[in-house]
Amino acid sequence: MQARRVPGVSITPDPRRVLFRPFFPGGPSRARTIIARVMTLTEEEVKAELNWVMEEFGDRHRNLLRFFARRYSEVGHLRLTDAPLSRERELLIGAYFTNEYSLEAAALFNPSMIWHPDQSGLKPGAKRFILSLRATGEGHISSLQFRSGVISSAGGEGGGRRGRSPRIELDPVTAYVTTPERTLDRSFQRSLFGKKLLELGVKYEFVRAVMGRLAEHFTFSELRDVVEEARRTEPLPPRVAQEAADAVVGLAESNYEIRFDADLPLCERIIFPSTPSEVKGIEDARFVEFTDDDGAVTYYATYTAYDGRTAFPQLLETPDFLAFKSHTLNGPAVANKGLGLFPRKIGGRYACVGRQDGENIYLMFSDNPSFWYKKEILQRPTQPWEFVQLGNCGSPIETEAGWLVLSHGVGPMRKYCIGAFLLDKEDPMKVIGRLPEPLLTPAGNEREGYVPNVVYSCGGQIFDNELIIPYAMSDYASGFAAVALDDLLETLERNPA
């Protein structure tokens, strides 16, 4: 069976959506030269230049002058005089150390669909959703951004008609994008932190020295002071000590909190790489609405932080898509990409699927969503269209028949297709059925893009007895597909694994 494309709905990258970022050309010596040149301008010239900057860039951003002031506070110490400066000159210096970044100039892809926490004000039968997307811009740096929209049945308020695609309407997108302020975790636990450092392969002697100087619970500032002391005093080659120190601080910086202003539209909220482990990208968030045993709801997302060499699995959590916490995922059972949390506990434990060895899908259980130590192979590549590797597309979806899991398989010519399998609700190690053929394959112009011949999803939802699959087309743009849930489950049950 094949999923149907939902016509008339596509999400394409827009290079006009730009944010401001710190710009630091060269080292401190060059920065001093730039500041010195600005210091040669008269006050009239400074005002004229700043006015020109604001005329050209002011309507492209929110709070641009505030960012210029922040940039001056970060580079102003490099000027060669302590004489007080006018506010205009400080702002102009800040402008010289700021640049625009077009965060989706190259691609907007790998969508994950979640139901919006606010379902008010809708017509009967309609439902509001949030779509997370991976945006890629200059330097192949990926960030996380959001869209919202409303889905309704093809038949209107009276219900859908089988075989007809649902109606999907995306909310308008504004011209602005905004990144939040970041705060580091206020407290760390020594035993867990040290264990994670050893998992990352940080020099044992350095880890022992640092952990031995800390209390069981410590702050980031306390850690930074202890790391600097260990770097100076431990009998290690300077280069080895510096690399270990950078790794320790980098791990701490990977655990942080961010918050957006409540009046900021969802489409303007951008989570941009802000830590050493993320410097080259935040990739492929897979959101799930998790309901705990007491009924409390938390929106989790697993994602991949990439520093240009190593992929670090991370866990993002939010109650409202305004405040977010990001934490490192720990343990030997989170060694690869593509983790997807189940939307509730199974047998009193958290459960997760994911590819651990680059080829197979595994199932993991844990008492803590941040720590995963045991894994079992759940699915291996079986069909020719998945002989290269197999992975899951987002989190399992609960149905009456079992846990429905979208998968992706890679076959000849590195062609990616989307499949599906069904797991037992009480014991998800039991595979009820598995599609022998792809549910969705790249077709027509979907084959052309940044990475050709790829369809890929980071998670869908069930609506009006239809499985809705948001999917990426060749790592460039995104669209939607749908398939009748009853037909899909019946096909799965007829094809036991």
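In this predicted model, the second largest pocket is lined by 29 residues. Those lying nearest its centre are Leu200, Val202, Ala247, Asp307 and Phe312. Three elements each supply at least two residues of this lining: helix H5, helix H8 and strand E14, which spans 311–318. H8 gives the most, with seven residues.

The largest pocket has a lining of 32 residues, and the closest to its centre are Arg21, Arg70, Thr179, Pro180 and Glu181. The elements that give two or more residues to this lining are strand E2 (18–22), helix H3 (64–75), strand E3 (98–102), strand E8 (181–184) and strand E11 (256–259). E2 gives the most here, with four residues.

The table sets out the volume and the lining of each pocket.

| Pocket | Volume | Lining by class |
|---|---|---|
| Largest pocket | About 1000 Å³ | 17 nonpolar, six polar and nine charged residues |
| Second largest pocket | About 790 Å³ | 14 nonpolar, eight polar and seven charged residues |

Besides lining the second largest pocket, H5 and H8 give residues to the largest nonpolar core. In soluble globular proteins, nonpolar side chains tend to be buried together. The largest nonpolar core of this model has 23 residues. Those with the most contacts inside this core are Phe193, Leu197, Phe206, Val210, Leu223, Val227 and Val248. Four helices give two or more residues each: H5 (190–199), H6 (204–212), H7 (220–233) and H8 (238–253). The largest share, seven residues, comes from H8. H8 is thus named twice, as the element that gives the most to the lining of the second largest pocket and as the source of the largest share of the core.

Helix H6 can be followed residue by residue. Which residues of H6 are buried? They are Phe206, Val207, Ala209, Val210 and Met211. What covers these buried residues includes H5, H7 and H8. Two of the buried residues of H6, Phe206 and Val210, are also listed among the residues with the most contacts inside the core.

Val210 shows such packing at the level of single residues. Leaving aside residues up to four places away in sequence, Val210 touches Leu223, Val226, Val227 and Ala230. Of these partners, Leu223 and Val227 are, like Val210, listed among the residues with the most contacts inside the core.

Notes:
Residues are numbered from 1 along each chain as its sequence is written. This is a predicted model: local features need pLDDT of at least 70, side-chain atom pairs count only at pLDDT 80 or more; totals for chains, interfaces and linings use all residues. Side-chain values use heavy atoms; hydrogens and water are left out. A nonpolar core is a set of buried Ala, Val, Leu, Ile, Met, Phe, Trp, Tyr and Cys residues joined through side-chain atoms within 4.5 Å. Buried means under 20% relative accessible area, exposed over 50%, partly exposed in between (1.4 Å probe, protein chains only). Contact means heavy atoms within 4.5 Å. On a 1 Å grid over the protein atoms alone, a cavity is a set of points where a 1.4 Å probe fits but cannot get out, and a pocket is an open set with protein on both sides within 12 Å along at least five of seven lines; lining residues have an atom within 4 Å of a point. Grid points are joined across faces, edges and corners, and a volume is the space filled by probe spheres set on the points. Ala, Val, Leu, Ile, Met, Phe, Trp, Tyr, Cys and Pro count as nonpolar, Asp, Glu, Lys and Arg as charged, and the others, Gly among them, as polar.
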